Amino acid sequence: MKFMMLTYGSEDVYDVDSFTDEQREWLRGIIEFMHELNTDLEASGELVSAEGLTAPSQARTVRPGGDGPVTTDGPFAEAKEVLAGFWIIDVADFDRAVEIAGRIVSFVKAPIELRPVGEAPQV
């Protein structure tokens, strides 16, 4: 069963140049944790893909418009938390997906959105 795990965080985390030494150490810890998690999921055969995302300021949103597609700068919605990265995992069941998401939440202290990957309906 495939799931997408989406992780969110503050947009401030992308402004590394303004970080204090303590914030840099915190970020190093997060990165080390993510590498360890990904290594564990690769070893168990459960990791399909995982990627971090660039700052929302580098995003573009494309919407339908009356004269064709309209592109705007930035993410699709204004929010305090922004999508920071994702994993796609292939696990035995929802319980295992929740277990993995719980491991992340316990360390990172940020929400994880867990969504089954659906297949297109037969038409």
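# A walk through the fold

Let's start with Phe94, which sits in helix 2. Helices here are DSSP runs of H or I with at least four residues, strands are runs of E with at least two, and both are numbered from the N terminus. Phe94 is partly exposed, at 37% relative accessible area. That label covers everything between buried (under 20% relative accessible area) and exposed (over 50%), using a 1.4 Å probe and protein chains only.

Before going on, some ground rules: this is a predicted model, where local features need pLDDT of at least 70 and side-chain atom pairs count only at pLDDT 80 or more, while totals for chains, interfaces and linings use all residues. Residues are numbered from 1 along each chain as its sequence is written, and side-chain values use heavy atoms, with hydrogens and water left out.

## A patch on the surface

Phe94 teams up with Met1 and Val98 to make a nonpolar surface patch of about 280 Å². To join a patch, a residue needs over 30% relative accessible area and no salt bridge; nonpolar side chains (Val, Leu, Ile, Met, Phe, Trp, Tyr) are joined within 5 Å, and like charges within 9 Å. The areas come from the Shrake-Rupley method with a 1.4 Å probe, and for residues only the protein chains shown count as cover.

## The sheet and its helices

Now for the sheet. In what order do its four strands lie? The order is 2-5-1-6, in an open sheet with antiparallel pairing. Two strands pair if DSSP finds at least two bridges between them. At the edges you'll find strand 2 (47-52) and strand 6 (112-116), each pairing on one side only. From one strand to the next, the twist averages 20°.

Strand 1 (residues 2-10) runs antiparallel to strand 6, and five bridges connect the pair. Along that pairing, Met5 faces Leu114 of strand 6, and Thr7 stands opposite Ile112 in strand 6.

Two helices pack on this sheet. Helix 1 (residues 21-43) touches strand 2 and strand 5 (81-90), and its direction makes about 20° with that of strand 5. Helix 2 (residues 94-108) touches strand 1, strand 5 and strand 6, and its direction makes about 165° with that of strand 6. For contacts, the rule is heavy atoms within 4.5 Å. For angles, axes are lines fitted to C-alpha atoms (for helices, over the stretch in contact), and values run from 0 to 180 degrees between N-to-C directions.

Strand 1 also pairs with strand 5, again in the antiparallel sense, over nine bridges. In that pairing, Met4 stands opposite Ile88 in strand 5.

## Charged partners

How many salt bridges does the structure hold? There are seven. Each one is a side-chain nitrogen of Lys or Arg within 4 Å of a carboxyl oxygen of Asp or Glu. The table gives some of them.

| Salt bridge | N to O distance |
|---|---|
| Glu25 and Arg28 | 3.2 Å |
| Arg96 and Glu99 | 2.9 Å |
| Glu46 and Arg96 | 2.7 Å |

The Glu46 and Arg96 pair links distant parts of the chain: Glu46 is in the loop between helix 1 and strand 2, Arg96 is in helix 2, and they are 50 residues apart. Glu46 is buried, with a relative accessible area of 11%, whereas Arg96 is partly exposed at 25%.

Why are Glu25 and Arg28 about one helical turn apart? Because they are three residues apart in helix 1. Glu25 is partly exposed at 49% relative accessibility, and Arg28 is partly exposed too, at 44%.

Arg96 and Glu99 are also separated by about one helical turn, because they lie three residues apart in helix 2. Glu99 counts as exposed, with a relative accessible area of 51%. Elsewhere, salt bridges that share partners join Glu36, Asp40 and Arg103 into one network.

## A loop and a tail

Follow the chain out of helix 2 and you reach Lys109, in the loop between helix 2 and strand 6. Its phi is near 60°, a positive value in a residue other than glycine. Is Lys109 buried or exposed? Lys109 counts as exposed, at 67% relative accessibility.

Finally, Glu119 belongs to the segment after strand 6. Glu119 is exposed, with a relative accessible area of 77%. Its C-alpha atom is separated by 28 Å from that of Gly68, a residue 51 residues away along the chain.
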